[in-house]
Amino acid sequence: MISIHRSKLGKRLLIPFLIALSLIVPLSGAVGVVPTAAAVQTPVFPLPPLTDAFKASALPNVLVIGTGGTISGQANDGDPTNLQTYKSGTYKIEDMVAQLPRKDKISDVSTYQFGNKGSGSYSIGDLYDLSLTVDQALQTYDGVVVTTGTDTMEDIAYFLDLTVRSGKPVVVTGAMRPWDVIGTDAPANLYNAIKLAGSNKTQWYGTVVMLNDVIQAARDVTKLNAQRLDTFGTPIFGALGYIDQDNISLYRLNDRALKAGRPEWATPFDLSKIQKTDLPMVEIAYAYQDAGGGGINGLVADGAKGIVTAGTGAGGISSKMSAARAEAIKKGVIFVTTTRTGSGTMYPSDTDGIIAGDSLNPQHARMMLLVALAFSNDFKTVKDWFWQFGRQDIAQDDVSAVGGPVEEPVVLKDIAGHWAMSSIEKAVASGIIRGYTDGTFKPNQSLTRVEFTVMLMNALKLQGDGASLTFKDSNQIGKWAVNGISQAVKAGIVSGYTDGTFKPNTPISRSEMAVIIAKAMKYDLQAGSTTGFKDDAAIPKWAKGSVKATKDHALITGRSGGVFVPNDPATRAEAVTILLKLPAIPIS
C-alpha cells in the first residue's frame, strides 16, 4: 500500500513542452500508417492563465474542465427531493467550484467550461478537442480534473487515457445525483477529484476515474448499475485505491505506472498529428441467441472501418454473425472480439482480420480500435498496438533498465551487430547498467536525465550518503534513483534548473550530457571555446566549453558528417560508450 497524508507540491512555474514531446512514440516506421498530407494545425483553447498569486503559492495548480452531466444538473421544478428527473448540464463549473469549502487548503483551482451537456451528447470529434484541451492545460497546470456525465464516462476516460500525452494526473469525475438535491454526491466527488489531481499520486497512471471516494483505472472501470452511487467498479482487477478524508491510498500499480518516464509509456496516438476527421467510424455488434448478420451488414454499409463484437461467453457469435463478419473482413473491416459477460480475457488467434480484445469490455475496445485505425489501416500494426497498449499486461521488463550490477550473466538479444555491442556487454558486466529482464537493452532508445545520472554514478562508484533533494519536482524521482541523484547533487555534478526543478524524466540532450560529464571530471573549461564541429554555431554557449573539453579528452565524439547535434537526445548506446571511457578517479 502507498499512503499519504495530504501532500503539498512545489509549484512548477513553467512546464516545458519538451515533457510532452519526450513521450511521443514515432510512427514514421510503422507499416500502414495513415499519411498526413500537410502539417496539422491543432486548435488552441482559451484556457485561463495562472494568476500571479497562484504562481507564488506553494499549492499545486489544478484546472477543472467542465463538460456537463448529472454533476452539473438541476432538479426539475426546484424540488431538492427529485433525485431522478433533472436537467443535466445546467450549472457552470466556475460556480460549482466556487461553492466548494476549503478548496484553498488543497489546491489553487481554476476552471474552464468546455461544454455543458450529457456525456452521451458528445461526438468523437468533441473528444478529440477535449483531449487536446487537457494536454494544453498540462503544459501549465500540475493536474487536470474533467467533470462529465456518468452514462459514457468510461468511454470518455479511456479515450483520454489513450491519447493524452502528458504523464501528469488526469482525473475524471461526475455524480449519480444532480448538484442541488438532498444526498447529492456531486460536491464531494468534485472536491476529492481536485484533491487527487493536486496530490500528484496518480502521475504516470494515465487517466483515472474517481467517484464515491474510489480511484479506478480508466482502462478497467465500468458502470455497473443505473442508479446506485457506488455504480463504478473494476471487475476482477479491483480499484487502484481510495480517498479517506486527507488520506489518499493507492494499493496497486497499473502497467502504465510501471513505465513511468520511459518513452514506451506513451501510446502512438498523438492527436496533434491528425485531424479530427481522421477518426474513423467504429461500431459494436451485440451477440445473442441466433443473432442475425444484418447488424454487421448494416454497420459496414454505413461506413464502419472497424467493428467490436460483444460475444457470448468467451467471445462467441452466431453462425449468421460469423458469416457477415467474414464478408466484412474481405472488404477491409477490422474486428475485435470481446465478451458481453462483463469480464474475462479474449486470447489472440491467427485469424486474419480479427483481433482479440484481451480484457477490454466492448466500449473500451471500441475506443482502442477507433484511435488505432486513425493512425494505421494495417491489420498487423493495429493488432500489435492492441497487444502492446490495449492489453496492459504487466511484464517483467516493465522494471527500470537502470540499476545495480547484474548478478547473473545476461545475453542481450537486441544488440547483435550493433555498433556498441562490445561496450554494452562491458557496461552490463561492470554494473553501470543492466538489460531488461526480457533480454533486451534497447540501445537506440533515448534516456532521461535521471537515468543518465544514475548510470554515471554507477560508473564513478561513489560511496556514502548524498545531499537532501530539494527540487520542486523531487517527488517525480523514482525510489530506485534517489540515492544516485542525491550523490550527484552532493558532488556538484548535477543541479536543478532556474525554476527549482530537476525534470528527471525529460530526455537528456547531448549538450546536457557533455556538461554533466565535464562537471564530474572537473575539467577546466575555456571561455569562448570553438569545438571544431561543423555545427559549432548551434551548440549553446553554456555547453560549448564542456563539449570541447569532453571532445579533447576523447570522451564525446561527433556523429557522421562531423556534426555534434547538440539538441538531439542521447541514446542508451551512446551513454554507455562514453561512460566506459571515464577515468577511474575518485570525486571528493
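Which residues does Val134 touch, not counting residues up to four places away in sequence? The close-ups below take that up along with several other spots, all in a predicted model.

**View 1. Val134 and the nonpolar cores.** Leaving out neighbours up to four places away in sequence, Val134 touches Ile65, Val144, Val146, Leu160, Val164 and Val170. Val134 belongs to the largest nonpolar core, a set of 60 residues, and is listed with Ile65, Leu279, Met368 and Leu369 as having the most contacts inside that core. Helix α10 (residues 362-375) supplies the largest share of this core, ten residues. Apart from this core lies another one, made of 51 residues, including Ala481, Ile485, Ile516 and Val547.

**View 2. Helix α10, end to end.** Start with its length: α10 has 14 residues, and at 1.5 Å a residue they should span 20 Å. The end C-alpha atoms are 20 Å apart in the model, so the two values agree. Now look at what surrounds α10: 13 of its 14 residues are buried, so this helix is largely enclosed by the rest of the structure.

**View 3. Helix α13 and its cover.** Here's a second helix to try the ruler on. The twelve residues of α13 (residues 449-460) should span 16 Å at 1.5 Å a residue, and the end C-alpha atoms sit 17 Å apart, which agrees. Eleven of those twelve residues are buried, so α13 is largely enclosed by the rest of the structure. The buried ones include polar names such as Arg449, Glu451, Thr453 and Asn458, as well as Val450, Phe452 and Leu460. As for what covers the buried residues of α13, look for α14 (479-490), α15 (510-521) and α17 (572-579), which are among the elements involved. Just after the helix, Lys461 takes a positive phi of about 55°.

**View 4. Thr448, in the loop leading to α13.** Step back along the chain and you'll find Thr448 in the loop between α12 (421-430) and α13. Is Thr448 buried or exposed? Its relative accessible area is 5%, so Thr448 counts as buried. Setting aside neighbours within four places in sequence, Thr448 is in contact with Gly261 and with Pro504, Asn505, Thr506, Pro507 and Ile508.

**View 5. Thr70, the annotated position.** Which residue does the UniProt annotation "active site" cover? According to that unreviewed entry, it covers Thr70. You can spot Thr70 in the loop between β2 (61-66) and β3 (74-75). With a relative accessible area of 8%, under the 20% cut-off, Thr70 is buried. Beyond four places in sequence, Thr70 touches Tyr86, Ser88 and Gly149, plus the run of Ala175, Met176, Arg177, Pro178 and Trp179.

**View 6. Asp185 and its link to Met176.** Some familiar names come back here. Asp185 sits in the loop between β7 (170-173) and α6 (186-199), and at 9% relative accessibility Asp185 counts as buried. Not counting neighbours within four places in sequence, Asp185 is in contact with Ala175, Met176, Arg177 and Leu229. Zoom in on Met176: the side chain of Asp185 reaches the backbone nitrogen of Met176 at 3.0 Å. For another distance in this view, the C-alpha atoms of Asp185 and Leu211 are separated by 8.5 Å, with their positions 26 residues apart along the chain.

**View 7. Asn254 and the backbone of Tyr205.** Asn254 lies in the loop between β13 (247-250) and α7 (255-258). At 9% relative accessibility, Asn254 counts as buried. Its contacts, leaving aside neighbours within four places in sequence, are Tyr205 and Ala217. A polar atom of the Asn254 side chain lies 3.0 Å from the backbone oxygen of Tyr205. The C-alpha atoms of Asn254 and Trp204 are 9.4 Å apart, though the two residues are 50 apart along the chain.

**View 8. The whole chain, and where to go easy.** The protein chain has 17 helices and 17 strands, and buried residues make up 55% of its 588 residues. Among contacts between residues at least 6 apart in sequence, 75% join residues at least 24 apart. Mean pLDDT for the chain is 87, with 89% of residues at 70 or more. Two stretches call for care. Over residues 1-31, pLDDT stays under 50, and the model has 84 contacts beyond four places in sequence for that stretch. Residues 400-407 also stay under 50, with 22 such contacts. Where pLDDT is low, the predicted coordinates shouldn't be read in detail.

Conventions:
Residues are numbered from 1 along each chain as its sequence is written. This is a predicted model: local features need pLDDT of at least 70, side-chain atom pairs count only at pLDDT 80 or more; totals for chains, interfaces and linings use all residues. Side-chain values use heavy atoms; hydrogens and water are left out. pLDDT is the predictor's confidence in each residue, from 0 to 100. Contact means heavy atoms within 4.5 Å. UniProt positions are given in the numbering used here, feature names are shortened, and annotations may be inferred rather than shown by experiment. Helices (H or I, at least four residues) and strands (E, at least two) are DSSP runs, numbered from the N terminus. Buried means under 20% relative accessible area, exposed over 50%, partly exposed in between (1.4 Å probe, protein chains only). A nonpolar core is a set of buried Ala, Val, Leu, Ile, Met, Phe, Trp, Tyr and Cys residues joined through side-chain atoms within 4.5 Å. A polar contact is a pair of N or O atoms within 3.5 Å; within protein, one must be able to donate a hydrogen and the other to accept it, and residues adjacent in sequence count only if both atoms are side-chain atoms. The expected span of a helix is 1.5 Å times one less than its number of residues.
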